[in-house]
Amino acid sequence: MSRFLLRANLRGCIASQIRKASDQLGELGKGAGKGGGGGGSVREAGGAFGKREVAEEERYFRQKEKEQMEALRKHHAEEIEHHKKEIERLQKEIDRHKGKIRKLKHDD
C-alpha cells in the first residue's frame, strides 16, 4: 500500500511541477497553450471560466495531495507502532533466554 501511495504522490508532484513550469502551456486559464493542445473547451475559451476551471483543478490536486500525505503519515505511524510492539516482544524473548542461561549457570 505504501508503494501505491508513494507512486500516486510522486505522480501528483510531477504533474503539479509540469503544470507550473511548462513553457508550452502559456498562461493558465487564458485559452489554448502555445503547443496547440488545450485543456478542454472551457479552457480553450479562456476568460473567467477558464481561470475558474484552472483554480478548481489546482484546488482538487492540492486536496488529493493533502489526502495522500495524511494517509502516508497514518501509515508510517501504524508502522512505528507495529515495530515498537515487535521490539517489546523480542525484548521479552531475550529476557526469557537470559533467564534460561542464568538458570543453567546456577544449576552447574
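## An aromatic pair

In this predicted model, the count of aromatic pairs comes to 1. That pair is formed by Y60 and F61 and is edge-to-face, with 5.3 Å from centre to centre and 75° between the planes. The label follows from the angle, because planes over 60 degrees apart count as edge-to-face.

The accessibility of the two partners can be read alongside this geometry. Y60 has a relative accessibility of 47% and counts as partly exposed, and F61, with a relative accessible area of 34%, is partly exposed too. Neither residue is classed as buried, because that class is kept for values under 20%.

## The overall fold

Read along the sequence, the protein follows the pattern α-α-α, and the totals agree with that reading, with 3 helices and 0 strands in the protein. Of the contacts with a separation of 6 or more, 30% are accounted for by residues that lie 24 or more positions apart.

The protein has 108 residues, and buried residues make up 15% of them. The area that the protein exposes is about 9000 Å², of which 56% is supplied by carbon and sulfur atoms.

## Helix α3

Helix α3 runs over residues 47-107 and so has 61 residues, reaching 90 Å from its first C-alpha to its last; this is close to the 90 Å expected at 1.5 Å a residue.

Which residues of α3 are buried? They are G50, V54 and E58, together with Q68, L72 and H75. The letters show that E58, a glutamate, belongs to this buried set, whereas the glutamate E67, which also lies in helix α3, is partly exposed with a relative accessible area of 40%.

## Salt bridges along α3

A search of the whole structure finds 5 salt bridges, and those described here include pairs from helix α3, taken in the order of the sequence. E67 forms a salt bridge with K64, and the closest N and O atoms of this pair are 3.7 Å apart, a distance that qualifies because the cut-off is 4 Å. E67 and K64 both lie in helix α3, 3 residues apart, which is about one turn of the helix. On the side of accessibility, K64 is partly exposed at 35% relative accessible area, while E67 is partly exposed at 40%.

Further along, the side chains of E86 and R89 meet in a salt bridge, at 2.6 Å from N to O. Both E86 and R89 belong to helix α3, where they stand 3 residues apart, about one turn of the helix. E86 is partly exposed, with a relative accessible area of 28%, and R89 counts as partly exposed at 43% relative accessibility.

Another salt bridge joins the side chains of E93 and R96, with 2.8 Å from N to O. Why are E93 and R96 separated by about one helical turn? The reason is their spacing, because E93 and R96 are 3 residues apart in helix α3. E93 counts as partly exposed at 30% relative accessibility, and R96 is partly exposed with a relative accessible area of 40%.

Note on methods: Residues are numbered from 1 along each chain as its sequence is written. This is a predicted model: local features need pLDDT of at least 70, side-chain atom pairs count only at pLDDT 80 or more; totals for chains, interfaces and linings use all residues. Side-chain values use heavy atoms; hydrogens and water are left out. Helices (H or I, at least four residues) and strands (E, at least two) are DSSP runs, numbered from the N terminus. Buried means under 20% relative accessible area, exposed over 50%, partly exposed in between (1.4 Å probe, protein chains only). Contact means heavy atoms within 4.5 Å. Accessible areas come from the Shrake-Rupley method with a 1.4 Å probe; for residues, only the protein chains shown count as cover. Rings of Phe, Tyr and Trp (its six-membered ring) pair if their centres lie within 6.5 Å; planes under 30 degrees apart count as stacked, over 60 as edge-to-face and the rest as tilted. The expected span of a helix is 1.5 Å times one less than its number of residues.
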